[in-house]
Amino acid sequence: MNDKIAALLNDQINKEFYSAYLYLDMSNYYDELDLDGYANYYMVQAQEERDHALLFMKYMQSIGLKVTLEAIGKPDKTFTNVLEPLEVAAEHERYVTELINNIYHEAHQDKDYRTLKFLDWFVDEQREEEESADSMVNRYKLFGSDPRGLYLLDQEYAARAYAPPSLTL
């Protein structure tokens, strides 16, 4: 594996841990508003992002690459209404998709088929992540301004349960 791909994979570990921090921050915000369902949704999302970081670590370790953990940046968003975290999450998922696509592109250029196969799962995962994030924004815009609609959305998100990733190395 070339050094550039190894560096991108290692950097992605930090980005995934940052994503977990960002979603924990969103969970805290919704908890302060007593929107327990939204808080639960983003707590589960944080767990998923942490698992993504660990998958990148495990992949690197499995092919004999050194993993270097960096400092995780503090989330820098301030939220003033229920919609803002949803929009930030959708924007963030598009950013993560861009990161994954960049690593994929580099691996393809280098004919690193082992890394491409590993990244295929993340390409599919990011499609799902973007779809879910966009749906939350759209559903809030449709129903969230009505207190009963917000209550029903919150109840729905309270039912989300954590499930470990299906990718095995």
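**Helix packing and nonpolar cores**

The axes of helix 2 and helix 3 come within 13 Å and cross at roughly 15°, the axes being lines fitted to C-alpha atoms over the stretch in contact, with angles running from 0 to 180 degrees between N-to-C directions. The structure is a predicted model, in which local features need pLDDT of at least 70 and side-chain atom pairs count only at pLDDT 80 or more, whereas totals for chains, interfaces and linings use all residues. Residues are numbered from 1 along each chain, and side-chain values use heavy atoms, without hydrogens and water.

Helix 2 and helix 3 are therefore roughly parallel to each other (angles under 35 degrees; over 145 counts as roughly antiparallel). In their contact (heavy atoms within 4.5 Å), Tyr 38, Tyr 42, Gln 45, Glu 49 and Phe 56 of helix 2 meet Pro 85, Leu 86, Ala 89, Glu 93 and Ile 100 of helix 3. By class, this contact has seven nonpolar, one polar and two charged residues.

Helix 1 packs against helix 3 at about 170°, with the axes 11 Å apart; the two are therefore roughly antiparallel. Their contact comprises 19 nonpolar, four polar and five charged residues.

The largest nonpolar core (buried nonpolar residues joined through side-chain atoms within 4.5 Å, buried meaning under 20% relative accessible area with a 1.4 Å probe) has 27 residues, and Tyr 38, Tyr 42 and Leu 86 are among those touching the most other members. Two or more residues each come from helix 1 (3-32), helix 2 (36-62), helix 3 (83-109), helix 4 (113-144) and helix 5 (147-158). Helix 1 gives the most, with seven residues. A second, separate core of 22 residues includes Leu 9, Met 57, Met 60 and Ile 103.

Definitions and conventions:
Buried means under 20% relative accessible area, exposed over 50%, partly exposed in between (1.4 Å probe, protein chains only). Helices (H or I, at least four residues) and strands (E, at least two) are DSSP runs, numbered from the N terminus. Angles under 35 degrees count as roughly parallel, over 145 as roughly antiparallel, 65 to 115 as roughly perpendicular and the rest as oblique. Ala, Val, Leu, Ile, Met, Phe, Trp, Tyr, Cys and Pro count as nonpolar, Asp, Glu, Lys and Arg as charged, and the others, Gly among them, as polar.
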